[in-house]
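User: I am new to this structure and would like to know how its labels are justified. Please set each value against the rule behind it.

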Amino acid sequence: MDELLQEFISETQESLEALAGEIIAWEADPSDRGRLDAIFRFFHTVKGSCGFLHLPRFERLSHAAEDVLSDIRSGKRHPDAATVNAVLGIMDRIAELTQAVAVGAPLAQEDDEYLVAALAVHESESEAESDAPAPVSRHGSAQAAPRTIRLPLALIDQLMNGVSDMVLARNELARQLRDRAGDPALEGAFERLSGCVADMRDAISRTRMQRIDRLFAAIPRTVRDLGRDLGKRIELSLEGGDVEMDREMVEMVVDPLIHIVRNSIDHGVETPERRRALGKPETGQLRLEARQSGNQIVIEISDDGAGIDTARLVEKAIAAGRLTPDAAARMNEAERLDLIFQAGLSTASAVTAVSGRGVGMDVVRANVERIGGTIGLDNHPGRGLRITLSVPLTLTIIPGLVLRAGGLHFAIPRAAVVEILHDNNAMLRIGEVGGARIATIRDVRHSMIDLEDVLGLDIPAEPGPRTVMVVRSASGLPFALGVSAVENHEELVIRPASPIVMASGIYAGMTLPDNGKPMLLLDTGGLARKADLSEIAEHADAVRTAGERTDAKEETEMVAALRFEELSGERRLLQLSLIERVEELEADLFGHSGDRAFVRLKDRLVPVVNGCQGFARETVSALRLRDDRREAYYAVAAVLDIVQMPAVPDMVAMHGNLSGVCVVEGEHLEVLNPFALFASLPDEPVERKHPGRCLLADAEDGWAREILAPLLRQAGHEVLIGLPEGAAVDPSDIVLCTTSDAMQAADVLGCRTVQLRAAPQPSGPQDASIYRYDRRALMAAIAGAGQ
């Protein structure tokens with residue numbers, strides 16, 4: 001019985017998550033019989049199971065809802081707003097009871113009679129129509145439910161751990177094979193084994209994946225209820241529900257997403273009266289879109305409301321003592337907008353049940369960054385706001401940096417790193433104030449700690465300068481972290497660390513890099529707490545100091561950039577946001593085709609924008625670049641560090657792949673031009689549907705068969721050698737002739753003809769033929785046939 005009860009609880013909770021959104025969509029479109037039948041089947045199933053499991057309260061509630069839905073199905077009753085509210089109330093009570101049974105808590109004793117009685121309330125048709133919410137539109141999510149089985153998550157984790165151990169064993173075997181004389185047969189068997197292990201690891205990783213539909217399930221109900229409470233009309237659009245991400249990641253993104261949606265409704269979308277006065281439609285638009293970009297899931301939440309009033313934010317910050325008027329006057333728009341993430345600040349004029357307490361966006365950013373994600377704002381005052389969440393595809397793989405401290409290696413999420421520089425940098429000053437170390441970078445002061453001091457390790461003597469990293473803790477406030485060096489940048493596979501390690505509060509797990517040696521993943525928030533950093537006072541001091549800066553150059557917009565060494569020896573910069581990751585690739589994967597360079601990745605070729613030559617080393621460092629659609633590689637000699645550079649170079653001098661020169665730490669560095677890099681990529685093949693066929697009239701002509709026909713097929717045309725028997729041609733066909741006899745035979749077919757000549761020059765003014773090696777003229781003539 002216990003096993004049956006647990007199965008009932010699991011199935012009921014999963015059904016309830018998706019059902020709320022279905023009811024909202026059905027309320028907007030009562031004629032949707034499919035959704036009505038699905039809702040009816042849920043209550044019917046619950047009623048049947050409850051009788052067998054002896055759950056009388058479940059049975060009474062589900063039976064009452066089933067009766068009403070049965071009347072609606074038969075046409076005896078209309079699904080008005082009161083009915084939908086009552087059905088939602090029944091669902092909420094069933095959800096509460098299910099949770100109570102799941103955790104073994106006593107069942108709530110509230111009287112269910114008023115919920116059942118509410119089902120008998122009828123509203124007039126006019127009221128139902130006026131209160132009906134705007135429809136919820138979904139794109140790309142409608143597909144047949146897949147066949148599934150239920151597995152405990154612990155079993156999947158056990159499989160994943162086993163595969164990770166297999167990967168480590170494979171890496172060790174690879175090292176052993178490299179140290180021995182080559183045996184082609186053994187190496188071939190090893191390659192097959194490696195492929196099988198990689199495929200198995202990908203397959204098991206996918207078992208943890210879940211459609212984002214589950215993340216979106218609670219959104220329609222939230223929009224409906226909050227819109228009614230606030231007297232606002234909102235049309236919700238959901239896109240990308242078929243995108244998949246790690247089920248644990250879904251759980252961690254739910255709360256930030258719900259909070260953002262509530263803020264959009266409360267702060268963003270105006271009331272119908274206000275929207276009319278502003279010349280906007282009375283119904284506001286709220287749009288959620290999910291998509292996969294590389295190894296990231298991007299979720300955009302946008303509305304057409306009022307946007308963020310940054311002037312109001314500044315007023316609140318000054319009133320709260322977070323800013324001085326002078327500092328506020330020197331802030332640019334991006335800095336003003338960033339105030340929304342400070343704890344305790346809110347633009348709401350009064351505290352309500354929804355918002356106004358100043359507890360919100362700071363927690364949202366902290367939760368997103370805690371899982372290795374980022375949050376961005378695109379504000380358009382008076383026209384709306386777009387919030388972009390970028391989170392890892394899975395919690396088990398995140399981009400990170402490998403650093404060295406105390407003679408040991410550690411990992412840190414890349415999203416937590418703001419800036420990297422050396423302690424001999426002219427822009428960095430390290431001193432002590434009241435016994436605390438302070439790192440001053442471009443006149444902005446940060447509390448500073450050495451990682452070795454926090455971990456109780458000795459600081460080893462190093463021949464070169466130490467590295468100082470400006471990192472952001474879970475609360476979003478930066479501090480300086482001293483380490484021996486930052487050694488690498490790679491995708492990190494994250495696994496849980498032992499309980500005794502996690503209890504220290506300074507680690508977020510462990511990682512298995514490509515070398516197979518386990519490393520601990522640092523938790524920047526835990527480091528700050530362990531070092532007793534006063535983050536709020538530190539941040540207020542940094543803001544005040546920023547307000548006192550007088551050098552106009554310091555107000556220049558700065559962006560993070562990667563400093564690297566070219567294969568030819570020059571040191572250059574590239575904006576960090578364009579670099580998806582840094583990879584070490586085997587030199588024999590690089591190649592040339594004509595004047596184009598490429599790198600071979602599994603079953604595809606990716607262009608290399610700076611070409612490639614014979615490499616003297618076995619592996620090559622390469623920057624993986626990506627715009628919103630295409631990707632490319634840029635081979636480099638070495639990755640040096642991450643620095644801040646002006647968004648506009650100090651000296652603009654565009655030529656080739658360069659946009660100018662920046663001065664960083666006293667060094668003149670050329671800056672790569674991303675526009676030029678991506679513009680230099682070869683044109684992507686575009687699938688075109690060409691009208692008609694290309695008929696090669698001279699069937700015995702070797703040039704037409706061996707040279708012309710392959711060219712036309714590569715261009716996407718259907719090619720027929722010789723004229724069809726019985727002159728069965730279509731008016732959209734085009735006949736290509738290389739002799740005058742073929743032209744005469746083709747003239748009677750009634751379709752377009754093109755004559756090709758062998759000589760470069762025409763025979764005279766009346767010669768309308770095309771030189772057979774003039775590809776542009778030939779393709780233009782063929783394209784004209786379909787016009």
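Analyst: A residue is called buried when its relative accessible area is under 20%, exposed when that area is over 50%, and partly exposed in between. The model is predicted.

User: Why is Arg 404 called buried?

Analyst: Arg 404 has 19% relative accessibility. The cut-off for buried is under 20%, so Arg 404 counts as buried.

User: What makes Arg 404 and Glu 462 a salt bridge?

Analyst: The rule asks for a side-chain nitrogen of Lys or Arg within 4 Å of a carboxyl oxygen of Asp or Glu. In the pair of Arg 404 and Glu 462, the closest N and O atoms are 3.2 Å apart, so the pair meets the rule. Arg 404 lies in strand β9 (residues 397-405) and Glu 462 in the loop between α17 (451-455) and β15 (467-472), so the pair ties together parts that are 58 residues apart in sequence.

User: Why is Glu 462 called partly exposed?

Analyst: Glu 462 has 27% relative accessibility. Partly exposed covers what is neither under 20% nor over 50%, so Glu 462 counts as partly exposed.

User: How do you know that Arg 404 and Glu 487 meet in a salt bridge?

Analyst: The N to O value for the side chains of Arg 404 and Glu 487 is 2.1 Å. The limit is within 4 Å, so the pair is a salt bridge. Arg 404 in strand β9 and Glu 487 in strand β17 (residues 485-495) are 83 residues apart, and the pair links distant parts of the chain. Glu 487, at 41% relative accessibility, counts as partly exposed.

User: What makes Glu 270 and Lys 280 a salt bridge, and are these residues buried or exposed?

Analyst: The closest N and O atoms of Glu 270 and Lys 280 are 3.0 Å apart, so the pair falls within the 4 Å limit. Glu 270 lies in the loop between α11 (247-268) and α12 (272-277), and Lys 280 in the loop between α12 and β5 (284-293), so the pair ties together parts 10 residues apart in sequence. With 8% relative accessibility, Glu 270 counts as buried. Lys 280 is buried too, with a relative accessible area of 16%.

User: How many salt bridges does the rule give?

Analyst: The count comes to 36 salt bridges. Salt bridges that share partners also join Glu 580, Arg 581, Glu 583, Arg 624, Arg 626 and Glu 631 into one network.

User: Why are β32 and β33 said to pair?

Analyst: Two strands pair if at least two bridges are found between them. Strands β32 (residues 693-696) and β33 (residues 718-721) have 4 bridges in the parallel sense, so they pair. Leu 720 in β33 is the bridge partner of Leu 695. Helix α22 (residues 702-714) joins β32 and β33 in a right-handed β-α-β unit.

User: How do you know that β32 also pairs with β34?

Analyst: Strand β34 (residues 734-737) runs parallel to β32, and 3 bridges join them. The rule asks for at least two, so this is a pair. Cys 694 stands opposite Ile 734 in β34.

User: Which way do the residues of β32 point?

Analyst: Arg 693 and Leu 695 point one way, Cys 694 and Leu 696 the other way, and all are buried. In the protein, buried residues make up 46% of the 787 residues.

Conventions:
Residues numbered from 1 in each chain as written. Predicted model: local features only at pLDDT ≥ 70, side-chain atom pairs only at ≥ 80, totals over all residues. Heavy atoms only, no water. Buried < 20%, exposed > 50% of the residue type's maximum accessible area, 1.4 Å probe, protein only. Helix = DSSP H or I, 4+ residues; strand = E, 2+ residues; numbered from the N terminus. Right-handed = clockwise from strand over helix to strand, strands pointing away.
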